[in-house]
Amino acid sequence: MNFINQRDELERVLTEHAERYPEARPQDAVKLIYQNEFGGGHLIRDAAASLAALYQEYQAYHARNDTRNHSPVFEEIGNGFVRVYLSGVMDGENKTAPDRYAPERLNQDFIKSAAISIHTGTRENFSRKLKILREFTRRNIFQFSLSELDAYLNKYQAAGYPMVSHSDIYRAAYHPAYRVIAKSVSLPYLIDRVRDLARAKSRALIAIDGRCASGKTTLAERLAAAYGWSVIHMDDFFLRPSQRTPERYAEPGGNLDRERVLNEILMPLRAGNPEICYQPFDCHAMRLKNPVIFNPARVIILEGSYSCHPDLWDFYDFHVFVTIDPETQAARILKRDGPESAGIFSSRWIPMEERYFSAFSIQQRCDFILSVPESIQI
């Protein structure tokens, strides 16, 4: 994300937080900026101690039975980070709640997020964002004045821009209890977003695109099994023999029969058809199989490479990109398909995917980028 887009996003975040937390003081606003740029800012050296601290804070939060903090489970702070409030942590008797975090999983994601944030934030960007905060303060969106902010920033700069704690006033008013998480490691965040869409619409259409062997199919199928969502696989729409021309393969993303995806899936879904009929392509027999007829659920996932092709893009309500590092990708393909197929993936299919991702900026345009963990647990 370039800084112009970061600025637009930060302005939205500042406006939302000023409205939600009118008792915020200058240091609370600076803390928000700090977390926007550097994430939680923590270096977690002891996972067990981090989990113990989480449990202690969680128990204290629920012992208060405090209803004054009306924040959602996930609160956007921008730049790929969210605050996960402990109101969204499940207890031992509520392990099936789909939009809540198990403490152990929240701690794992917190540790992963800390490692990510160490390598992302910069002092230069942080300083630029503090200037945006000053501009907003001049517009009187906060209850504190520009002179109050400048007085705090003078001391803060002299101290070397350290991590920031919430003010006593903020703590008394809102009792904040949360962890800062990178969205890219948080499956609960993804599930929460999709469920919000499903509540708001009669039918929500989700694309899961991304690199081969990143876990797109596993993710889609486990989401479907957990929540009763429908899944359609892009592998069922590869080109038929008559379509496999040099000209078609020369197109970025050209090896998907996107015309059939449009005609058999996306346009009928947009029309609100209660029943969908399509013919999967058999890559071994190189022909279409018998028609498949199904009644789509309220959430329909189209998963697979090329699902976010520009010709299909506008039909979706939410776009997910699943990524994986090249070394793990190569190891997974070798284990899954064997040496011969792994060589074909390396020499042909992966370069074709990467050309498509690059030509259309697929990863950059998606609403959510997920760095898949070693195992996908829903």
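**A parallel sheet, aromatic pairs and unpaired cysteines**

Strand 4 (residues 204-210) and strand 11 (residues 318-323) are paired in the parallel sense through five bridges, where helices (H or I, at least four residues) and strands (E, at least two) are DSSP runs numbered from the N terminus, and two strands pair if DSSP finds at least two bridges between them. The structure is a predicted model, in which local features need pLDDT of at least 70 and side-chain atom pairs count only at pLDDT 80 or more, while totals for chains, interfaces and linings use all residues. Residues are numbered from 1 along each chain as its sequence is written, and side-chain values use heavy atoms, with hydrogens and water left out.

Within the pairing of strands 4 and 11, Ala 207 stands opposite His 319 of strand 11. Strand 11 is also joined to strand 12 by four bridges, again in a parallel arrangement, and there Val 320 has Phe 368 of strand 12 as its bridge partner. These strands belong to an open sheet of five strands, in the order 5-10-4-11-12, with parallel pairing. Because strand 5 (230-233) and strand 12 (368-371) stand at the edges with a single partner strand each, one side of each is left without a neighbour in the sheet. The twist averages 20° from one strand to the next, with axes taken as lines fitted to C-alpha atoms, for helices over the stretch in contact, and angles running from 0 to 180 degrees between N-to-C directions. Helix 8 (residues 187-200) packs on the sheet, where it touches strand 4, strand 10 (299-303), strand 11 and strand 12, and its direction makes about 160° with that of strand 11; contact means heavy atoms within 4.5 Å.

Strand 11 is largely enclosed by the rest of the structure, because six of its six residues are buried, a term that means under 20% relative accessible area, with exposed over 50% and partly exposed in between (1.4 Å probe, protein chains only). Phe 318, Val 320 and Val 322 point one way from this strand, whereas His 319, Phe 321 and Thr 323 point the other way.

A search of the whole structure finds 22 aromatic pairs, for which rings of Phe, Tyr and Trp (its six-membered ring) must have centres within 6.5 Å, with planes under 30 degrees apart counted as stacked, over 60 as edge-to-face and the rest as tilted. Among them, Tyr 34 and Phe 38 form a tilted pair, at 4.9 Å centre to centre and with 45° between the planes. Both residues are buried, and because they are four residues apart in helix 2 (residues 26-38), Tyr 34 and Phe 38 are separated by about one helical turn. Ring pairs link Tyr 34 and Phe 38 with Phe 126, Tyr 152, Tyr 156 and Tyr 161 into a cluster.

The structure holds zero disulfides, a disulfide being a pair of cysteine sulfur atoms within 2.5 Å. The sulfur of Cys 283 is 14 Å from the closest cysteine sulfur, that of Cys 212, which is too far for a bond, and Cys 283 counts as partly exposed at 38% relative accessibility. For Cys 366, the closest cysteine sulfur belongs to Cys 308 at 4.1 Å, again too far for a bond, and Cys 366 is buried, with a relative accessible area of 9%.
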